[in-house]
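Open the model in your viewer and keep the sequence panel beside it. This tour goes from stop to stop: select, look, move on.

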Amino acid sequence: MDPYLDAALEEARKGLASGGIPIGSVLVCDGEIIGRGHNQRVQEGSVIHHAEMNCLENAGRLTAATYSRCTLYSTLSPCPMCSGAALLYKIPKVIVGENITFQGPEDYVRSQGVDLNIVNDPRCIEIMREFIAAKPELWNEDIGV
């Protein structure tokens with residue numbers, strides 16, 4: 001097991017427990033978690049607080065040198081907005097918990113030099129499948145359908 005993906009999954013569970021969409025993210029630098037977040041679109045009434053964006057916000061202002069040593073973990077394949085943030089800050093590595101229930105612009109992110117790895121962790125797949133089955137209208141809103 002990967003302790004950083006475990007931490008992202010813990011964030012996803014926090015989001016679900018508070019009435020939101022179960023997607024979590026952590027930002028890791030030099031082996032230490034420096035940012036955590038989960039999707040809070042529902043809880044905050046926000047159009048941008050996806051898990052990765054919330055994680056980056058919670059990490060606070062960082063230097064380019066810091067971002068260049070980071071790995072972004074997400075329980076779900078990042079959407080175009082979140083992928084764009086990773087590209088903007090030149091985060092060199094992204095670990096994705098799963099891309100079965102949703103696939104972001106992974107090929108594009110890789111084409112920009114990012115080392116993007118998909119692990120398809122069964123726990124990440126299960127939490128999303130259960131959520132999508134229980135609340136399809138909320139999921140469709142989140143992905144813009």
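**Start just past helix 5**

Select K90. This residue sits just after helix 5 and takes a positive phi of about 55 degrees. Bear in mind that the model is predicted.

**Helix 5 and its two sides**

Now step back into helix 5, residues 80-88. Which residues of helix 5 are buried? Select C82, S83, A85 and A86. Look down the helix axis. These four cover an arc of only 155 degrees around it, so they lie on the same side of helix 5. Turn to the other side of the helix: P80 and L88 are exposed there.

Next, find what the buried residues pack against. Color helix 3 (51-59), strand 3, strand 4 (93-96) and helix 6 (106-111). The buried residues of helix 5 pack against these four elements.

**The loop before helix 5**

Select T75. This residue lies in the loop between strand 3 (70-74) and helix 5. Is T75 buried or exposed? Its relative accessibility is 2%, so T75 counts as buried, the cut-off being under 20%.

Show the contacts of T75, leaving out residues up to four places away in sequence. On the N-terminal side of the sequence, look for A8, L9, A12, P22, I23 and G24. Then add G97, E98 and C124, which T75 also touches.

**A glycine in helix 1**

Go to helix 1, residues 3-17, and pick G15. G15 is buried, with a relative accessible area of 0%. Draw a distance from its C-alpha to that of H38. The two residues are 23 positions apart in sequence, yet their C-alpha atoms are 5.7 Å apart in space. H38 is also the end of strand 2 (32-38).

Which residues does G15 contact, beyond its neighbours within four places in sequence? Select G20, I21, H38, N39 and Q43.

**Two more positive phi values**

Select D30. Its phi is near 50 degrees, a positive value in a residue other than glycine. D30 is in the loop between strand 1 (24-29) and strand 2. Show the surface here: D30 is exposed, with a relative accessible area of 57%.

Now jump to N120. Phi of this residue is near 45 degrees, again positive in a residue other than glycine. N120 is placed in the loop between strand 5 (115-118) and helix 7 (122-134). With a relative accessible area of 28%, N120 is partly exposed.

**Zoom out**

Switch to a cartoon of the whole protein. How many helices and strands are there? Count eight helices and five strands. Trace them from the N terminus: the order is α-β-β-α-α-α-β-α-β-α-β-α-α. The radius of gyration is 14 Å, close to the 15 Å that the globule rule gives for 145 residues, so the protein is as compact as a globular protein of that length. Along the principal axes, the C-alpha atoms fill a box of roughly 40 × 30 × 30 Å.

Color by burial. Buried residues make up 48% of the 145 residues. Of the contacts with a separation of 6 or more, 54% join residues 24 or more positions apart.

Finish on the surface. About 7000 Å² is exposed, and carbon and sulfur atoms supply 52% of that area. Then color the charges: there are 12 positive and 19 negative, and their mean positions are 4 Å apart.

Technical notes
Residues numbered from 1 in each chain as written. Predicted model: local features only at pLDDT ≥ 70, side-chain atom pairs only at ≥ 80, totals over all residues. Heavy atoms only, no water. Rg over C-alpha atoms; globule rule 2.2 N^0.38 Å. Buried < 20%, exposed > 50% of the residue type's maximum accessible area, 1.4 Å probe, protein only. Contact = heavy atoms within 4.5 Å. Areas by Shrake-Rupley, 256 points an atom, 1.4 Å probe, with all protein chains shown as cover. Lys, Arg positive; Asp, Glu negative; His and termini not counted. Charge placed at Lys NZ, Arg CZ, Asp CG, Glu CD. Arc of directions from axis to C-beta.
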